[in-house]
Structures are given as structure tokens and as C-alpha cells.
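Trainee: Could you take me through one part of this model slowly? I would like to look at the aromatic rings and what lies around them.

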Amino acid sequence: MCFGGDIQEQVRASVEGYIGQNSTDRITYEEWNGDKLANLIQESFLREDLLPENSRPILRKALALLDEPEASFGYYTQLATALFNVAAEERSKKLTSLRQMSICLWILFAWARDNGNLEAAYLSAERTLLFAWDLAKNEFGKNNKVAKGIQEAFQSVLGTYSQIADEYINGKILPHVTVLDGLSTAVRPSSSMDVNLKLFDLLGRLAMYGLWTTWRATIADEEEYKEKLVLRSRYISDAVKSLISNNPALFLPIKDEQAIDIFLAILQMAMSGSGEGDMKLWLSEIIERARFAYEGNEPYPCTIRDYAELLDHPHRGDEEYRKEVTEGSILYPTIALWAAILGDSKVYEKVTNFKDECLLHCNFQLWYPDETTEDNLYTNKDLHGAALSNVPIEQSPKEFLKLVWEECEQAQHFENLSAREKGLWPLILLASRHYRIPVPVHFTLPYQKNSDTVLSDLGETGDD
């Protein structure tokens with residue numbers, strides 16, 4: 001009995017019952033799951049035509065360097081890009097490329113798991129899933145043989161991504177979230193900067209895992225299974241809160257783009273319908289510590305991306321340098337946005353005062369998809385999207401929300417994104433996390449119903 005991955009828990013009893021009822025002295029059954037298939041492929045793919053000849057050495061390098069995740073992921077990205085480009089040029093090769101991506105990802109996962117280091121597999125799974133959607137998106141809704149094959153191949157990639165995320169989150173993150181400084185210690189940092197960068201990265205991953213769980217709950221047909229997923233989503237939200245409270249480094253981002261991870265974490269807590277008080281407290285801590293660090297010339301949120309420069313930040317305290325590394329921000333308007341939604345006028349006022357008294361030079365921005373986003377969101381092959389610049393946080397929270405939400409209504413390109421239309425909205429958030437693109441403001445639109453309290457129905461956005 002051959003399965004593309006592992007058998008889901010809810011169908012395991014049925015499979016075992018079938019085997020027991022139909023096994024005889026002459027008929028026996030053997031289960032071939034993803035690991036078995038991957039092992040068979042590993043034994044023969046170098047001498048067969050499962051991959052283009054020029055792609056085989058790249059996969060070998062990705063597997064050989066699993067102990068160096070960045071290098072391994074770099075080689076895997078070369079491989080995935082090459083397979084993607086072949087399919088993008090010839091539609092007839094979409095199915096083949098998707099199947100090759102799926103096989104390569106599972107092989108990488110199998111080796112990474114045996115190696116005890118899932119980092120490269122996790123990043124590769126994100127990239128593969130986004131590439132796979134870009135290839136498959138136009139085939140959904142069609143019923144011909146090729147389209148169905150492409151849909152199945154995409155589901156296979158999604159299944160592998162989900163399994164890798166399960167193992168990573170359950171094995172690497174959740175056991176440590178309730179321990180004070182548990183993950184801060186587990187990352188084995190060489191500097192406090194490394195702790196900060198890794199913790200916000202892990203926060204985004206954990207939040208993304210919760211958002212996928214919430215999505216699965218919205219599409220589940222069986223009520224019992226749906227309830228399990230709802231409870232699981234709330235459990236992940238509690239884990240997010242524990243991760244934040246037990247790791248003080250998460251009270252002060254060092255990179256402005258870490259607003260993406262903050263947005264995802266708050267979105268997950270909001271969608272599960274819990275944690276309003278925790279969200280307010282966290283946002284308050286962030287803005288207070290950011291201002292204290294800025295005024296004391298300690299490491300404060302900045303737009304620097306280069307790691308070496310970040311290690312030296314702030315290397316000068318003069319006004320010219322400070323203006324240079326804080327010339328724009330998505331962090332502070334993101335805090336203001338959620339403070340307004342949560343009805344926290346105190347936090348909103350803290351952002352406003354910080355802007356007026358220290359950051360008049362800083363361009364506060366929020367991001368919206370534009371007409372080029374659909375073609376670039378899942379591959380990041382080119383710049384896309386539009387910014388609402390100089391966000392007017394000097395206005396009242398109510399007027400501020402009205403303005404940013406009216407901009408959403410005028411910028412309808414979000415509604416036309418294929419992942420949104422097909423009900424796979426977590427892909428948009430995944431692209432934001434993976435490619436470091438600001439989260440579209442449109443994900444806050446359900447809060448228009450009542451911006452004084454957190455709502456729990458945002459999980460239905462994919463089905464409206």
C-alpha cells in the first residue's frame with residue numbers, strides 16, 4: 001500500500017482494519033510511506049531520469065551541506081528555481097516539474113530528519129510551496145486530466161510542507177516556550193544580536209504554524225476534527241504568548257522588518273479569539289523600550305539589513321546617522337494599527353508622541369498589493385506592491401483606521417490574489433514571512449465590525 005506521505009491519525013485505524021481483514025497466507029501487505037519512497041528514489045535517482053542531469057549535482061550538494069543550513073538552502077533554491085523556470089517556459093512541463101519538486105523536497109526532509117537538523121528543510125519547504133502555488137494556481141477549478149494531476153502534485157507539496165512544519169514546531173520550539181529564556185539559550189548565540197534575530201524568526205514561524213492550523217479549522221468538514229483544530233489553534237496562541245513572556249528579547253525588535261513577525265503573532269492570537277490583554281501589554285513594552293533605546297543610543301529598531309552592520313549598530317550617535325537608519329518604518333505604524341484596533345489609546349498615543357518628538361524625519365508606511373503583486377508574490381522575482389506613505393498617526397485612532405481601511409477598499413488587488421480567491425490565504429502570509437514583505441493591511445478588515453474589541457472571526461476571510 002503506497003502513500004505519498006504518512007497516514008493521518010484519523011484514517012490509521014481504517015487502514016489497519018483493511019489489512020487485517022484481507023491478509024491471508026498468500027496475500028500480505030506492506031506500507032510504503034514517504035520515507036520508503038524517498039529511500040528507493042535516493043538509491044536510483046542518480047542513474048535514472050527523475051531529474052535533469054544538470055540538477056542532480058545541485059541536489060547532492062544540498063544534501064551534503066545539511067549541517068550548514070544556509071548553504072544547503074541556497075543550493076536547494078537553485079534546484080527549485082531551475083525546475084520552476086522549465087515549467088514556467090513550457091506549460092506542458094508543469095506537472096513534471098511539480099512532481100520533481102515534491103520528490104526533491106521529501107528527499108531533503110528525510111535526510112535532514114536523519115541528520116537531526118531541519119533548518120534547511122523548513123526553509124526549502126516554504127520556498128517549494130510558494131513556487132508550487134505559482135505553477136498550479138491557474139489549474140485549480142479545471143477538471144481535465146493534466147489539471148487534476150497538477151492539483152494533486154500541489155497538495156503533495158503542501159502535505160510535505162505541513163509535515164516538516166509539524167516536526168520543526170513540535171520538536172524544536174514548543175518544548176522550550178514555557179521555560180524562561182529557554183529558546184534564547186537553545187539558539188546558542190554568539191551575541192545578543194543573534195538571540196534577537198533568531199527569536200523573532202522563530203516567533204514568525206510559530207505564528208505561521210498557528211495560522212495554517214486556523215485555516216484548516218475553517219475548511220474542515222467533520223465537526224469533531226474542526227473542534228480539535230480550533231483547540232489546537234488556541235494552544236498555539238498560548239504558546240506564542242509564552243514564547244514572548246519568557247524571552248524578553250522579543251520586547252524590542254532590532255530590525256524594523258521584524259514588524260512582519262509581530263503582525264503574524266498578533267494576527268494568530270486575534271484569530272484564535274484569545275490574548276487581547278497580552279497583545280496590548282506586548283505592544284506597550286515594544287514602543288516603550290524602542291523609545292528608551294533610541295533616546296539612550298542603545299540598539300534600537302533600524303532599517304539596516306546587513307548582519308555585520310547590525311552587529312555594530314548604533315556605531316554613531318549623531319543625528320545624521322540616526323536619521324539614516326530610521327528614515328522609514330513599518331514597525332511603528334503596525335503598532336499604531338493594532339493599538340487602534342484593540343482600542344488601546346495609551347499605546348497609540350505613545351507611538352504618536354514618539355513620532356512627534358523623535359521621528360519627524362521617519363516615513364511611517366503601510367503596504368498594499370498592487371496590479372503586479374499576483375505575478376511576483378509567490379516567487380519574489382521582482383518588486384511589487386504599493387506603500388501608503390506618511391501614515392497620519394497624528395489623527396485619532398478612529399480616523400486613522402478609517403483612512404487605512406478606505407485605502408484597502410480602493411486597492412482591490414488583494415481580493416484578486418489567487419491564494420485569496422482559491423481560499424488559501426495563509427500562502428499570502430507565508431510569502432510575507434519568507435520573502436520579508438510587509439503583511440497586507442487587508443488582513444485587519446474584519447475588525448471594521450468593532451474596533452474596540454478583538455474579534456475571533458478573522459479565520460473566515462478565505463471563504464467570504
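Which residues do ring pairs link into a cluster?

Mentor: Happy to! Keep in mind that this is a predicted model. The cluster consists of Tyr-294, Tyr-300, Tyr-332, Phe-354 and Phe-364, joined by ring pairs. One of these rings also has a charge for company: the charged end of Arg-322 sits over the ring of Tyr-294, at 3.9 Å from its centre.

Now let us step back to ring pairs in general. Two numbers describe a pair of aromatic rings: how far apart the centres are and the angle between the planes. With rings counted as paired when their centres lie within 6.5 Å, the model has 18 aromatic pairs. Take Trp-106 and Phe-109 as a worked example. Their ring centres are 5.4 Å apart and their planes meet at 90°, so this pair is edge-to-face; the cut-off for that label is an angle over 60 degrees. Trp-106 and Phe-109 are three residues apart in helix H5, which means about one helical turn separates them. Both residues are buried. Phe-109 has a charged partner as well, since the charged end of Arg-113 sits over its ring, 4.6 Å from the centre.

Helix H5, residues 94-115, is also among the elements that cover the buried residues of helix H4, and others include H3 (56-64), H6 (119-136) and H20 (426-435). Those buried residues of H4 include aromatic ones, among them Phe-73, Tyr-76 and Phe-84.

Technical notes. Residues numbered from 1 in each chain as written. Predicted model: local features only at pLDDT ≥ 70, side-chain atom pairs only at ≥ 80, totals over all residues. Heavy atoms only, no water. Buried < 20%, exposed > 50% of the residue type's maximum accessible area, 1.4 Å probe, protein only. Helix = DSSP H or I, 4+ residues; strand = E, 2+ residues; numbered from the N terminus. Contact = heavy atoms within 4.5 Å. Phe/Tyr/Trp six-rings, centres within 6.5 Å; stacked < 30°, edge-to-face > 60°. Lys NZ or Arg CZ within 6 Å of the ring centre and 35° of its normal.
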